[in-house]
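Let's walk through this model together, one element at a time. Please keep the sequence and the 3D view side by side as you read.

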Amino acid sequence: GLLIGIDGLVGKVNETSHYLYHEKWCFEILRKEVECINQNQSDCLCLDIGGDLFHTTGKALCQKGPNFLGTVVQNHFPMKDEDACFVDRDSRWFPIVLAYLRGTTKALRTILPSGSVERRALYREARYYSIEGLCDILR
């Protein structure tokens, strides 16, 4: 009887040990995800484009190669206030510029303007920001 009780207890200890190991493994995965999210949040910056605020990361602004916005971020240009870097441009086209810089090129085709006047306006913005890849798409 005592051996059966001890075997049962050993089984419960092993079962609990496996459960705790699994929980620790899950916790470590979540901890790494939260750490990554926190790192991305610390890289968050605010751009004031023509009076409208846009939030993004320095990485997003720089990942498509050298451009005006990447230079602004890397060189810490003076801010209009404590929180935002002001760029005196038309904010109407900036969501498309930002979508391109974030790497959403496939989705970009669905949001590009179809009219020639609008495409030229977006092209001018892409040229201003020195974003050659977006200029190529708009040509």
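Which residue in strand 2 does Ile49 stand opposite? The partner of Ile49 is Asp52. Keep in mind that this is a predicted model, so let's follow the pairing outward from here and come back to confidence at the end.

Strand 2 covers residues 52-57 and runs antiparallel to strand 1, with six bridges joining the two. Together they make a hairpin, with two residues between the strands. Look at Gly50 in that turn: its phi is positive, at about 55 degrees.

Strand 1 also pairs with strand 3, residues 84-87, this time in the parallel sense and over four bridges. To find your way there, start at Leu47, whose bridge partner in strand 3 is Cys85. As for its surroundings, strand 1 spans residues 44-49 and has five of its six residues buried, so it is largely enclosed by the rest of the structure.

Now move along to helix 4, residues 94-101. Seven of its eight residues are buried, so this helix too is largely enclosed by the rest of the structure. You can pick out Phe94, Ile96, Val97, Leu98, Ala99, Tyr100 and Leu101 as the buried residues of helix 4. After the helix comes Gly103, another place to check the backbone, with a positive phi near 95 degrees.

How far can you trust the picture? The protein chain has a mean pLDDT of 87, and 92% of its residues reach 70 or more. Confidence is highest in helix 6 (residues 116-128), with a mean of 95, and lowest in helix 5 (residues 105-111), with a mean of 78. Where pLDDT is low, the predicted coordinates should not be read in detail.

Methods:
Residues are numbered from 1 along each chain as its sequence is written. This is a predicted model: local features need pLDDT of at least 70, side-chain atom pairs count only at pLDDT 80 or more; totals for chains, interfaces and linings use all residues. Side-chain values use heavy atoms; hydrogens and water are left out. Buried means under 20% relative accessible area, exposed over 50%, partly exposed in between (1.4 Å probe, protein chains only). Two strands pair if DSSP finds at least two bridges between them. pLDDT is the predictor's confidence in each residue, from 0 to 100.
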